[in-house]
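This document walks through one protein chain, going from single residues to helices, cores and the chain as a whole. The sequence and structure come first.

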Amino acid sequence: MPTLPREQPEPAQSHQARRTAESFGTDAQRYDQARPGYPDGLVARIVTGSPGPDVLDVGCGTGIAARQFQAAGCAVLGIEPDARMADLAQARGLQVEVATFEAWEPVGRVFDALIAAQSWHWVDPVAGAVKAAQVLRPNGRLAIFGHVFEPPAEVAEPFAAAYRRVAPDSPLSNQPARRSLEMYQAGYAKIADKIRETEQFHEPEQWRFDWEQSYTRGQWLDLLPTTGGLTRLRPDQLAEILGAVGHAIDALGGRFTMHYTTLATTAVRAGTP
């Protein structure tokens, strides 16, 4: 079982899991407050590697990534299928249109960058890459990125055991407590393959950013319910998992350090401006 969201499952399958994809808005406020942002170096590299400031954020959620790009001087339009998430993003100052990316109508609009922060796995991998090429200006940048965050074994193993107890029939229960970075990198390599197949982009690049964040017991238990494996559990199931994880963190002195890796697949739209 995944310790933290297997929010980046196989792209060919996950975009069909709409009930999970649209479950994150159950507590949009908690999601916005608890979820981590993205490395400043990643944002800067995308901004400087794009021909202009117009950014389309696909699956913008509550606007966590979008606000970072706005702070970097970009004009951002968000696309978000969950109206609850979109409402919060709009309240925080982001322009949002409620739709899936596949169904969204650009009505002639084009952008200098298209970003997907922890969201591209909910988009049809073939149709999404084709549409990205259609809405990017020549030399515009497609940047698909997300976090790999596996807690230490002392936290991951109790989480996995509790999840198996409360949700034995879930397909997530058969997954290991922790997965290797290489498994996530393989997923981003598959995204690059779909981008190549469009024949509309220059050769994709793979970027990596490593960083750390310390979590208290309360901070981690606030974040966990926002993850894909937990958003659809019953309150009693969630309580049992949080109790087991809280006990494990208490045994570590009430806090632990998370080692994050943020991975990105990025490519520049071919063509002449």
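Asn139 is found in strand E5. The model is a predicted one, and in it Asn139 has a phi near 75°, a positive value in a residue that is not glycine. The relative accessibility of Asn139 is 30%, so this residue counts as partly exposed, since buried means under 20% and exposed means over 50%.

Gln118 also has a positive phi, of about 60°, and is not a glycine. Gln118 sits in the loop between E4 and helix H7, which covers residues 125–135. With a relative accessible area of 7%, Gln118 is buried.

Two further positive phi values occur where helices end. Just after H9, Glu199 has a positive phi of about 60°. Just after H5, Gly73 has a positive phi of about 95°.

The helix before Glu199 can be taken next. H9 spans residues 181–198, which makes 18 residues. From its first C-alpha to its last, H9 reaches 27 Å, close to the 26 Å expected at 1.5 Å a residue. Which residues of H9 are buried? They are Leu181, Tyr184, Tyr188, Ile191, Ala192, Ile195 and Thr198. Viewed down the axis of H9, these buried residues fall within an arc of 100°, so they line one face of the helix. Glu182 and Glu197 are exposed on the other side of H9.

Thr198 belongs to helix H9 and has a relative accessible area of 15%, so it is buried. Its side chain reaches the backbone oxygen of Ile195 at 2.7 Å; Ile195 is itself one of the buried residues of H9. Apart from neighbours within four places in sequence, Thr198 is in contact with Ala129 and Val130.

Helix H5, the one before Gly73, runs over residues 64–71. Its residues Ile64, Ala65, Ala66, Gln68 and Phe69 are buried. What covers the buried residues of H5? The cover includes helix H3 (28–34) and helix H4 (40–48). It also includes four strands: E1 (54–58), E2 (75–80), E4 (111–117) and E5 (136–149).

Phe69 of H5 leads on to the largest nonpolar core, which has 28 residues. Within this core, Leu42, Ile46, Phe69, Ile115 and Phe145 touch the most other members. The elements giving two or more residues to the core are the helices H3, H4, H5 and H6 (83–91), together with the strands E4, E5 and E6 (205–216). A second core, separate from this one, has 27 residues, including Trp104, Ala132, Ile144 and Leu181. Leu181 is also one of the buried residues of H9.

Leu42, in the largest core, touches Phe145, Trp207, Phe209, Thr262 and Ala264, with residues up to four places away in sequence not counted. Of these partners, Phe145 is likewise named in the largest core.

Thr262 can be followed from there. Thr262 lies in strand E7, residues 255–268, and at 0% relative accessibility it counts as buried. The side chain of Thr262 makes a polar contact of 2.9 Å with the side chain of Trp211. What else does Thr262 touch? Leaving out residues up to four places away in sequence, Thr262 touches Tyr38, Pro39, Leu42, Gly146, His147, Trp207, Arg208 and Phe209, as well as Trp211.

Helix H6 holds Met85, and H6 is among the elements that give two or more residues to the largest core. At 4% relative accessibility, Met85 counts as buried. Met85 and Asp32 are 53 residues apart along the chain, and their C-alpha atoms are separated by 8.9 Å.

The figures for the chain as a whole can now be set beside these details. The chain has 11 helices and 7 strands. It consists of 273 residues, of which 55% count as buried. Taking contacts between residues at least 6 apart in sequence, 79% join residues at least 24 apart. The chain exposes about 11,600 Å², and carbon and sulfur atoms supply 51% of that area.

Conventions
Residues are numbered from 1 along each chain as its sequence is written. This is a predicted model: local features need pLDDT of at least 70, side-chain atom pairs count only at pLDDT 80 or more; totals for chains, interfaces and linings use all residues. Side-chain values use heavy atoms; hydrogens and water are left out. The expected span of a helix is 1.5 Å times one less than its number of residues. Buried means under 20% relative accessible area, exposed over 50%, partly exposed in between (1.4 Å probe, protein chains only). The arc is that of the directions from the helix axis to the C-beta atoms. Contact means heavy atoms within 4.5 Å. A polar contact is a pair of N or O atoms within 3.5 Å; within protein, one must be able to donate a hydrogen and the other to accept it, and residues adjacent in sequence count only if both atoms are side-chain atoms. Accessible areas come from the Shrake-Rupley method with a 1.4 Å probe; for residues, only the protein chains shown count as cover. A nonpolar core is a set of buried Ala, Val, Leu, Ile, Met, Phe, Trp, Tyr and Cys residues joined through side-chain atoms within 4.5 Å.
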